[in-house]
Amino acid sequence: MNKGFTLSEALITLVVLGVISAITIPLLSKQRPDKDEIMYKKALYTVNMAMPIIMEKWDSETYKNKSKKFCLIFFDYVNTAEKSANCNATSSYDSPNFTTTDGIRFWGLEKISDSFFDKDASSSPKVIMFDRILTDGKEYDSNGQLTSTMASNRERTDTKAGLGIGITKYGKLTTPPGDYYSFERSLFTQATNAAD
């Protein structure tokens, strides 16, 4: 009597394994974390850790007479891929202020004026914009179609939409104002509730 498996037993085993994998693989693929959520939390943490340093160095001798102080101090705080920040020109999605070593691109920092933290300055929050660099410059969905997660998750038509964090003149972080930033509000709430 042979002690090996018959062909039918081996085929039945393969069919059972195929059914189990067909059930579990889609469930596991849905459990992947949202890239925008992870990036938002990283950027929120980075900005939150930088704010006390920015507030401390705001009137220091090093930065006292410089323009675009917020951009320069923030650049000095974070680990960046560039040697210098693009603080003097108007930044945009296509021309960010700088990129951190973990791939987060910041822009709009030059719009925070040098008098923003003064006592008599405007009280409306300013928005720091950021997004992530994709390794091949593109992102694909599960069907292999070119997509923009930021645009599709946030129901935006602009594929160059970034995420935003609001900053008050007191150095507190907040969600950016306006209906456009509802995605940020939910992420900001999740991140701040998780920190408590």
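## Secondary structure

Five helices and seven strands make up the secondary structure of this protein, where helices (H or I, at least four residues) and strands (E, at least two) are DSSP runs numbered from the N terminus. From one end of the sequence to the other, the order is α-α-α-β-β-β-β-β-α-β-β-α.

This is a predicted model, in which local features need pLDDT of at least 70 and side-chain atom pairs count only at pLDDT 80 or more, while totals for chains, interfaces and linings use all residues. Residues are numbered from 1 along each chain as its sequence is written, and side-chain values use heavy atoms, with hydrogens and water left out.

## Confidence

Let us turn to how far the predictor trusts its own work. The mean pLDDT (the predictor's confidence in each residue, from 0 to 100) is 75 for the protein, and 75% of the residues reach 70 or more. Among the elements, helix α3 (residues 69-77) has the highest mean at 89, and helix α4 (residues 149-153) the lowest at 40. Over residues 135-160 the pLDDT is below 50, and this stretch has 44 contacts in the model beyond near neighbours in sequence; a contact means heavy atoms within 4.5 Å.

## Burial and surface

Of the 196 residues in the protein, 36% are buried. Here buried means under 20% relative accessible area, exposed over 50%, and partly exposed in between (1.4 Å probe, protein chains only). The accessible surface comes to about 12400 Å², and carbon and sulfur atoms hold 55% of that area; the areas come from the Shrake-Rupley method with a 1.4 Å probe, and for residues only the protein chains shown count as cover.

Among contacts with a separation of 6 or more, 52% are between residues 24 or more positions apart. For a pair far apart in sequence, take L163 and E37: 126 residues separate them along the chain, yet their C-alpha atoms are 9.9 Å apart. L163 sits in strand β6 (residues 163-167) and counts as buried, with 0% relative accessibility.

## Helix α2

Helix α2 has 23 residues, which should span 33 Å at 1.5 Å a residue, and its end C-alpha atoms are indeed 33 Å apart; the expected span is 1.5 Å times one less than the number of residues. There is still a kink of about 30 degrees at M51, shortly before the proline P52. That bend is the angle between axes fitted to the seven residues ending there and the seven starting there.

The buried residues of α2 are D36, M39, Y40, A43, L44, T46, V47, A50, M51 and I54. An α-helix has 3.6 residues a turn, so residues three or four places apart point the same way. T46, in α2 (residues 35-57), has a relative accessible area of 17%. Apart from neighbours within four places in sequence, T46 is in contact with F74, Y77 and V78.

## The disulfide and the loop before α3

The structure holds one disulfide, a term for a pair of cysteine sulfur atoms within 2.5 Å. The bond joins C71 to C87, with 2.0 Å from S to S, and the link is left-handed, at -75 degrees about the S-S bond. C71 lies in helix α3 and C87 in the loop between α3 and β1 (98-99), so the pair ties together parts that are 16 residues apart in sequence. Both cysteines, C71 and C87, are buried.

One more residue deserves a look: K68, in the loop between α2 and α3. The phi of K68 is near 60 degrees, a positive value in a residue other than glycine. K68 counts as partly exposed, at 26% relative accessibility.
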